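Student: I should like to look closely at a single part of this structure, namely its sheet. Could you please take me through that part and its surroundings in one connected account?

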Amino acid sequence: MRSILAMLAIGGLVAACEGQMPKTESKRDMLTDSGFKVVSLKTPGQAASFKKLPPHKLVRKTYQGKPVWVYADPTMCGCLYMGTQNNYNAYIKEASKQMMATAMRANFADDPYSPSSMDATVDNDWDWGEWGNPGYYGLPY
């Protein structure tokens, strides 16, 4: 009975932790959230032009002197995402935030050298009497 209760408690903790993790959006979601329009291929000429684009990569094209960003998705929707420079800037901003959040989670997850995991250990078991003033070592103290 105790093991069942323990497993339920652990399951509840895991579920609570999962709820606190930031949502990781797919590239397609971030493109549409940034204002990119989903364009279906309707003509043979569009399909031929679409096949010339590198798949799953944002590419800058120019239309009447203005930048247009396109993203060919041949595997999921068989469509083209198209956006302005402002849409691209919004996408890059959101993608950068997501990459930073992912990197931070990776850095601090079970990392013995993480500053947050080291704080308590250093403060609890450090004897400054053995070392003296940190200014002696060139630190501004």
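Tutor: Let us begin with one pair of residues. V70 stands opposite M82, which belongs to strand β4. The two strands concerned are β3, residues 66–73, and β4, residues 79–83; they run antiparallel and are joined by 5 bridges. Please keep in mind throughout that this is a predicted model.

From this pair we may widen the view to the sheet. The sheet is open and has 4 strands, placed in the order β1-β4-β3-β2, with antiparallel pairing. At the edges stand β1 (37–40) and β2 (58–63); each has a single partner strand, so one side of each is left without a neighbour in the sheet. On average, neighbouring strands of this sheet are turned by 35° against each other, with direction ignored.

It helps to place these strands along the chain. The secondary structure comes to 5 helices and 4 strands. Read from the N terminus, the elements follow one another as α-α-β-α-β-β-β-α-α.

V70 and M82 also lead us to the largest pocket, since both names appear again in its lining. The pocket has a volume of about 230 Å³. Its lining consists of V39, L41, Q46, S49, F50, K52, L53, K61, V68, V70, L80 and M82. Three elements give two or more residues each to this lining: α3 (44–52), β3 and β4. Of these, α3 supplies the largest share, with 4 residues.

Next, consider two loops that adjoin β2. In the loop between α3 and β2 lies H56. The next loop to consider, between β2 and β3, holds Q64. What is notable about the backbone at such places can be stated against a general background: most residues other than glycine have a negative phi. H56, although not a glycine, has a positive phi of about 55°. Q64 is likewise not a glycine, and its phi is positive, at about 50°. Are these residues buried or exposed? H56 has a relative accessibility of 31% and therefore counts as partly exposed, as this class lies between the limits of 20% and 50%. Q64 reaches 68% and therefore counts as exposed, for which the value must be over 50%.

The surroundings of the sheet also include a helix. T32 is found in helix α2, residues 27–33. With a relative accessibility of 35%, T32 counts as partly exposed. Leaving aside residues up to four places away in sequence, T32 touches V38 and Y81. T32 and G83 are 51 residues apart in sequence, yet their C-alpha atoms are 9.1 Å apart in space.

Finally, we may set this part against the chain as a whole. Among contacts between residues at least 6 apart in sequence, 43% join residues at least 24 apart. Buried residues make up 18% of the 141 residues. The chain exposes about 10900 Å², of which carbon and sulfur atoms supply 61%.

To return to the starting point, V70 and M82 face each other across β3 and β4, and both residues belong to the lining of the largest pocket.

Key:
Residues are numbered from 1 along each chain as its sequence is written. This is a predicted model: local features need pLDDT of at least 70, side-chain atom pairs count only at pLDDT 80 or more; totals for chains, interfaces and linings use all residues. Side-chain values use heavy atoms; hydrogens and water are left out. Buried means under 20% relative accessible area, exposed over 50%, partly exposed in between (1.4 Å probe, protein chains only). Contact means heavy atoms within 4.5 Å. Accessible areas come from the Shrake-Rupley method with a 1.4 Å probe; for residues, only the protein chains shown count as cover. Two strands pair if DSSP finds at least two bridges between them. Axes are lines fitted to C-alpha atoms, for helices over the stretch in contact, and angles run from 0 to 180 degrees between N-to-C directions. On a 1 Å grid over the protein atoms alone, a cavity is a set of points where a 1.4 Å probe fits but cannot get out, and a pocket is an open set with protein on both sides within 12 Å along at least five of seven lines; lining residues have an atom within 4 Å of a point. Grid points are joined across faces, edges and corners, and a volume is the space filled by probe spheres set on the points.
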